Amino acid sequence: MTATPAPAEADVVVIGLGPGGEHVAASLARAGLSVVGVDERLVGGECPYFGCVPSKMMIRGADALAEARRVSELSGSADVHPEWTPIADRIRDEATDDWDDTVAVERLEKAGARFVRGHGQLSGPGRVTVETADGSEEISVRRGVVLNTGTAPAVPPVDGLADTPYWTNRDAVRVRDLPESLIVLGGGAIGCELAQAFARFGVRTTVVEVAERILAPEEPESSKVVAAALEADGIGVRTGVEIDRVDHDGSTFTMTLGGGEALEATALLVAAGRRTNLGDIGLDTVGLDPKARTLDVDERMRVTDGVWAIGDITGKGAFTHMSMYQAGVAVRDLLGEDGPWADYRAVSRVTFTDPEVGSVGMTEQQARDAGIRVTTGTAPIPESSRGWIHKAGNDGLIKVVADADRGVLVGASSVGPNGGEVLGMLVTAVHAEVPVATLRTMHFAYPTFHRTIETALGELEV
Ligand SMILES: Cc1cc2nc3c(=O)[nH]c(=O)nc-3n(C[C@H](O)[C@H](O)[C@H](O)COP(=O)(O)OP(=O)(O)OC[C@H]3O[C@@H](n4cnc5c(N)ncnc54)[C@H](O)[C@@H]3O)c2cc1C
Ligand SMILES: NC(=O)c1ccc[n+]([C@@H]2O[C@H](COP(=O)([O-])OP(=O)(O)OC[C@H]3O[C@@H](n4cnc5c(N)ncnc54)[C@H](O)[C@@H]3O)[C@@H](O)[C@H]2O)c1
């Protein structure tokens with residue numbers, strides 16, 4: 001009779017090594033805990049290989065082209081000849097090592113963690129099972145399991161779509177030969193960023209969005225500025241449209257819209273949101289709902305006894321900086337430290353279109369829905385001294401949302417050239433609840449873009 005091998009043991013197992021999971025595994029290992037990190041794909045997750053980093057490399061190249069094209073409005077002439085190969089090479093060689101995570105695995109192991117490549121799942125309280133290429137491994141966990149399984153692209157149930165060779169972000173970042181034309185299904189952050197990047201390289205692009213406006217989570221004013229900027233780049237922006245079906249004849253996609261109109265393109269990018277990787281990780285074995293779309297976490301990132309969750313699966317904001325922030329919280333809790341714990345009042349985010357859309361905290365509507373007595377101030381960038389001097393490419397605005405009773409900002413948007421950088425002081429203001437009266441007494445250097453914040457603050461009835 002063969003005895004069943006005793007399960008391996010670890011203080012902590014991290015299932016899914018997105019940006020936050022990798023940070024948790026490395027930090028706890030460095031602190032002396034025995035840690036197993038499990039990932040079925042690439043250590044580091046979506047951000048470095050298929051998300052933030054490659055998309056921002058595309059955007060960097062695309063924005064350089066746009067800026068060069070502005071020379072004719074400002075300082076002479078420039079012949080611009082876009083080439084995709086330097087972008088594709090940079091993504092393959094500098095960003096992703098040709099989608100190889102050897103360096104990340106070595107970094108993790110150097111920190112003292114053990115890495116297992118395979119599909120991890122909970123198999124009961126304090127137990128994890130990993131299906132690897134060589135079979136199954138059981139791990140008995142002494143202190144806790146941290147879930148960081150992230151998301152995959154969501155593909156909407158549009159008739160015909162599933163049978164076509166559509167792209168998701170994971171294909172778009174690997175493109176070496178640009179298509180002649182592109183339909184982008186979805187006008188969220190991914191759709192808008194990638195549509196503008198491809199269009200600036202000469203791809204005839206249309207964005208198709210079911211909602212009444214693109215970038216719907218942002219202020220309506222921000223959506224309007226970005227829609228106009230995309231249109232100025234020659235992009236068709238179709239909002240409030242239903243898609244009836246999608247066909248592909250071997251070379252061309254045909255997207256039939258609700259009213260019968262047909263759009264054609266040689267490529268189709270699905271950027272219609274994400275689905276969380278929660279369906280096959282054994283949630284039921286620890287008493288959690290196996291159909292959950294996100295996991296409810298407390299301020300220490302605990303889901304239930306012995307289980308922590310971080311990143312996109314917590315539904316607190318699908319951003320790399322959120323995953324890293326929550327990782328820091330979970331590490332402190334797992335090491336028995338005394339906080340600080342999670343606080344989501346001043347979550348910041350930037351959509352890297354040109355103009356960039358930075359925002360923090362609540363939108364005006366969210367603040368009203370929360371029962372706050374709201375006062376807002378808005379100032380257009382082109383009417384500021386710096387915006388006027390900047391001229392070509394100066395679209396944007398600052399909008400501040402204040403609680404009139406408390407005299408503090410609860411949200412703000414910064415749309416414009418370097419809008420994500422200008423956002424910084426607004427994040428400080430919302431996070432630290434700096435009184436509007438104090439903000440108004442600041443020195444705002446002339447002529448900066450951030451000086452427009454002073455104008456917007458002046459409009460608040462506080
Ligand atoms: C195109 C694009 C652009 C983006 N741009 C930005 C940006 O500019 N700024 C920003 O802040 N955010 C951006 N994001 C979002 C950002 O990528 C994510 O929020 C970030 O990766 C954090 O995700 P995560 O930590 O939840 O996990 P993920 O990065 O999704 O990683 C999860 C990991 O878990 C693994 N995994 C899943 N299930 C299992 C399992 N059962 N067993 C083992 N392993 C498993 C996966 O293989 C993966 O490696 C972008 C996303 C996309 C798609
Ligand atoms: N710069 C950044 O920080 C950045 C960049 C990209 C992505 N992200 C993160 O990744 C997440 C996912 O991005 P995303 O853009 O895929 O998702 P999203 O949810 O932000 O946007 C998806 C869009 O697709 C639309 N849509 C859905 N089904 C549709 C249909 N059938 N027809 C037409 N339109 C449809 C939705 O109305 C929505 O506007 C974002 O929420 C964001 O947190 C962040």
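Which strands does helix α13 lie across, and at what angle does the helix run to β22? Helix α13, residues 419-431, lies across β18, β19 and β22, and its direction is at about 180° to that of β22 (408-416). The model is a predicted one, and the rest of this text places that helix and its strands within the chain.

The strands named above belong to an open sheet of five, ordered β18-β19-β22-β21-β20. Pairing in this sheet is antiparallel. As general background, the strands of a sheet pair through backbone hydrogen bonds, in either a parallel or an antiparallel arrangement. At the edges are β18 (348-351) and β20 (374-380), each of which pairs on one side only. From one strand to the next, the twist averages 10°. Between β18 and β19 (residues 356-361), four bridges make up the antiparallel pairing. One of the residues to look at here is Thr351, whose bridge partner in β19 is Val357.

The domain assignment of the protein chain gives three domains. Domain 1 is made of the segments 8-44, 101-152 and 275-334. Domain 2 covers 153-272, and domain 3 covers 348-458.

The UniProt record can be set beside this assignment. In an unreviewed entry, UniProt places the feature "domain: FAD/NAD(P)-binding" at residues 11-327. Over residues 11-327, helix accounts for 30% of the chain and strand for 27%, and the C-alpha atoms at the two ends are 17 Å apart. The feature "domain: Pyridine nucleotide-disulphide oxidoreductase dimerisation" is listed by UniProt, also from an unreviewed entry, at residues 347-456. The span 347-456 is 31% helix and 30% strand, with 21 Å between its end C-alpha atoms.

Next comes the contact between domain 2 and domain 3. Taken over C-alpha atoms, the centres of these two domains are separated by 29 Å. The contact involves 13 residues of domain 2 and 16 residues of domain 3. On the domain 2 side, the elements that give two or more residues are α8 (189-200) and α9 (220-232). Of these, α9 gives the most, with six residues. By class, the domain 2 side has seven nonpolar, two polar and four charged residues.

Both domains also take part in the surroundings of ligand 2. Domain 2 (153-272) and domain 3 (348-458) each give residues to the shell around ligand 2, so the ligand lies between them. There are 26 residues around ligand 2, of which Gly186, Gly188, Ile190, Gly273 and Ala318 come nearest. Two or more residues come from each of α8, β9 (204-209) and β18. Helix α8 gives the most to this shell, with four residues. The edge strand β18 is thus met again in the shell of ligand 2, as is α8 from the domain 2 side of the contact with domain 3. The shell divides into 16 nonpolar, six polar and four charged residues.

Ligand 1 has its own shell, with 36 residues around it. Those that come nearest are Gly16, Gly18, Gly45, Gly150 and Gly311. The elements giving two or more residues to this shell are the helices α1 (19-30), α2 (46-50), α3 (52-69) and α10 (320-334), together with the strands β2 (35-39) and β4 (119-124). In terms of class, the residues around ligand 1 are twelve nonpolar, 19 polar and five charged.

Technical notes
Residues numbered from 1 in each chain as written. Chains lettered and ligands numbered in written order. Predicted model: local features only at pLDDT ≥ 70, side-chain atom pairs only at ≥ 80, totals over all residues. Near = placed C-beta within 6 Å. Nonpolar A, V, L, I, M, F, W, Y, C, P; charged D, E, K, R; others polar. UniProt positions renumbered as here; feature names shortened; annotations may be inferred. Domains from an automatic or database assignment. Contact = placed C-beta atoms within 7 Å. Pairing = 2+ DSSP bridges. Axes fitted to C-alpha atoms, helices over the stretch in contact; angles between N-to-C directions.
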